Amino acid sequence: MKTVRCASYTRKSSDEGLEQSFNSLDAQREACAAYILSQASEGWSEVREIYDDGGISGGTLERPALQRLLADVAAGRIDIIVVYKVDRLTRSLLDFAKLVEAFDKAGTSFVSITQSFNTTTSMGRLTLNMLLSFAQFEREVTAERIRDKIAASKARGMWMGGVPPLGYKPNGRTLAIVEAEADLVCDLFARYLKIGVVRQLAIGLERDGIRVPRRTTASGKPLGCGWFTRGQLYQILRNPIYTGQIAHRDVLYAGQHAAIIDGDTFRQAQELLSSHIQGSRTRERASQPSPLAGKIVDASGEPLIAVHATRGNTRYRYYVSRALHHGESSTGLRVPAREIEQLVAGELVRLLADPLALAATAWLDITPDRLVALGERCAALTLALQRRHGGELIRLVDKVVIRDHGVDVLCSADGIAVALDTQLPEDAPAIITLTSTARITRSGHTVRLVHNDGSTALPAPDASLIRLIVQARRWWATLRSGGLGVTELARQEGVTRSYLCRIVRLAFLSPAVVEAILAGRQHAGLSVAALMPADAIAVSWAEQRKKMLPNERTSRSVRSK
């Protein structure tokens with residue numbers, strides 16, 4: 001009887017209880033093992049590899065154990081995947097379609113031991129697709145109803161829950177003023193109008209010993225009792241709820257609660273905040289943006305300054321070590337600005353791709369009724385980053401550290417909370433660190449940011465390579481026609497015979513390699529000089545792709561502190 005290789009996959013969304021000697025993952029694995037054993041008469045046998053994902057949401061496919069499982073499936077080492085329930089594998093219909101496509105391509109099926117279907121039969125696949133479709137439809141309809149209810153309630157000036165702003169406490173569907181906290185809010189506005197700088201306001205409050213008042217949420221969670229952060233102060237100074245209004249998607253409605261701040265004071269505070277955002281420094285950045293200026297340092301903490309160089313009509317921007325730029329040292333970093341900015345934006349986009357994981361990482365104070373809004377704000381912020389809005393990098397990034405073997409992007413938890421219109425608990429991490437494997441390398445006369453797989457952070461076609469490929473194909477077409485020999489063609493073109501022969505070899509590059517060069521996606525080390533040696537171009541197209549194209553991208557890491 002043919003052996004059917006089975007792999008058990010287990011997952012748990014939270015870390016709670018994983019430290020126990022027998023946890024949820026163990027229970028799932030034990031149930032799957034028992035089911036596989038019950039099918040021993042059919043040739044089922046469990047593989048030794050363990051695929052456990054603890055503390056990871058099912059809303060994403062970026063799970064270490066799942067990625068190992070998919071790699072083994074693609075390698076043909078697994079015939080059937082056994083799960084306790086379908087939602088252990090994924091909670092997304094789109095992700096499920098991707099998984100089924102990968103399984104079908106490898107000839108692999110999966111079985112849910114607690115549900116009466118499996119994908120080894122056509123009826124099981126149909127049933128599963130129908131169930132997931134209805135589940136997704138139900139989630140979307142429920143979300144629409146919740147959004148409509150919130151919009152209608154806020155239009156009537158109702159308070160729709162969550163952590164009340166400083167100065168208020170919940171009172172049914174409205175807010176009641178807490179006098180002691182309201183006096184503090186008035187003092188904050190008065191101090192800001194006098195000082196004019198949020199950073200100085202935070203310093204002054206700490207100097208005077210003024211802390212965030214201790215409060216308790218409806219669930220009993222303690223808040224406050226720490227120093228005011230800039231993010232918290234921005235939230236307070238920007239919040240129209242203090243004028244007796246309720247905001248919903250940039251629309252203000254008259255609230256049912258009393259105001260703490262009068263309209264004139266609030267308007268003056270907004271004008272002062274806006275004047276700082278739209279000042280000369282921002283206008284300079286808008287004309288020649290270098291959003292990481294003042295935020296990017298080398299491994300020793302030395303800052304890199306934003307500089308530019310002009311060649312012809314093209315302007316090139318760099319971040320350069322201060323000592324190197326001023327001629328005080330012959331060593332230092334010179335990083336292409338567009339590449340490092342795109343790399344940083346890409347790391348932020350990956351962080352925002354899973355709003356629930358982001359909320360857990362940054363300790364965002366999110367209530368269930370605001371999950372949909374969180375997803376929408378993450379999507380809007382992602383779009384702004386993809387459109388290269390430098391202002392978002394300025395707001396979210398606290399520091400970028402260029403190390404020998406990678407790049408650390410230190411994100412401001414306050415900046416993320418403000419951008420997503422959420423709040424942070426007092427003991428939340430101040431910094432979220434994203435680590436990329438990109439490193440600085442030199443290709444010819446060009447300095448590039450290159451990942452461990454050999455790909456560049458910012459694909460850019462090499463004009464010299466493209467010109468040589470065009471020339472090689474033109475010369476090969478002439479030689480192939482038989483009109484001229486190698487010696488005659490070399491004499492006509494004004495080059496040596498050996499040079500012509502070396503260039504003509506480029507006409508036999510793999511189509512995949514040529515396509516990558518035209519798109520700028522070739523291996524970072526592939527240059528004109530690298531193609532000149534006699535053994536530079538392999539006869540086999542497979543070998544050419546292996547040497548000249550990037551390998552599979554390595555993973556990034558996220559940590560908070």
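**From a buried strand residue to two nonpolar cores**

Leucine 304 has its place in strand β13, which covers residues 304-311, and the model in which it is seen here is a predicted one. Leucine 304 counts as buried because its relative accessibility is 2%, where the cut-off for buried is under 20%. Leaving out residues up to four places away in sequence, leucine 304 touches Ile296, Val297, Asp298, Tyr319, Val320, Ser321, Leu333 and Val335. Valine 401 lies 97 residues from leucine 304 in sequence, while the C-alpha atoms of the two are 9.9 Å apart in space.

Valine 400, for its part, is in contact with Leu292, Lys295, Ile296, Val297, Ile340, Val344, Val407 and Asp408, when neighbours within four places in sequence are set aside. In the largest nonpolar core, which has 41 residues, Val400 is among those that touch the most other members, together with Ile340, Val344, Leu348, Leu358 and Leu364. Several elements give two or more residues to this core, including α13 (355-362), β16 (397-403) and β18 (431-436), but α12 gives the most, with nine residues. A second core, separate from this one, has 28 residues and includes Leu166, Tyr168, Ile236 and Leu237.

Elsewhere in the chain, helix α6 (residues 179-195) packs with helix α7 (residues 198-207) at an angle of about 125°, their axes being 9 Å apart, and that angle makes α6 oblique to α7. Their crossing is right-handed. Leu188, Arg191, Tyr192 and Ile195 of α6 meet Val198, Gln200, Leu201, Gly204 and Leu205 of α7, and by class this contact has six nonpolar, two polar and one charged residues.

How values were computed. Residues are numbered from 1 along each chain as its sequence is written. This is a predicted model: local features need pLDDT of at least 70, side-chain atom pairs count only at pLDDT 80 or more; totals for chains, interfaces and linings use all residues. Side-chain values use heavy atoms; hydrogens and water are left out. Helices (H or I, at least four residues) and strands (E, at least two) are DSSP runs, numbered from the N terminus. Buried means under 20% relative accessible area, exposed over 50%, partly exposed in between (1.4 Å probe, protein chains only). Contact means heavy atoms within 4.5 Å. Axes are lines fitted to C-alpha atoms, for helices over the stretch in contact, and angles run from 0 to 180 degrees between N-to-C directions. Angles under 35 degrees count as roughly parallel, over 145 as roughly antiparallel, 65 to 115 as roughly perpendicular and the rest as oblique. A crossing is left-handed if the near helix is turned anticlockwise from the far one by less than a right angle, and right-handed if clockwise. Ala, Val, Leu, Ile, Met, Phe, Trp, Tyr, Cys and Pro count as nonpolar, Asp, Glu, Lys and Arg as charged, and the others, Gly among them, as polar. A nonpolar core is a set of buried Ala, Val, Leu, Ile, Met, Phe, Trp, Tyr and Cys residues joined through side-chain atoms within 4.5 Å.
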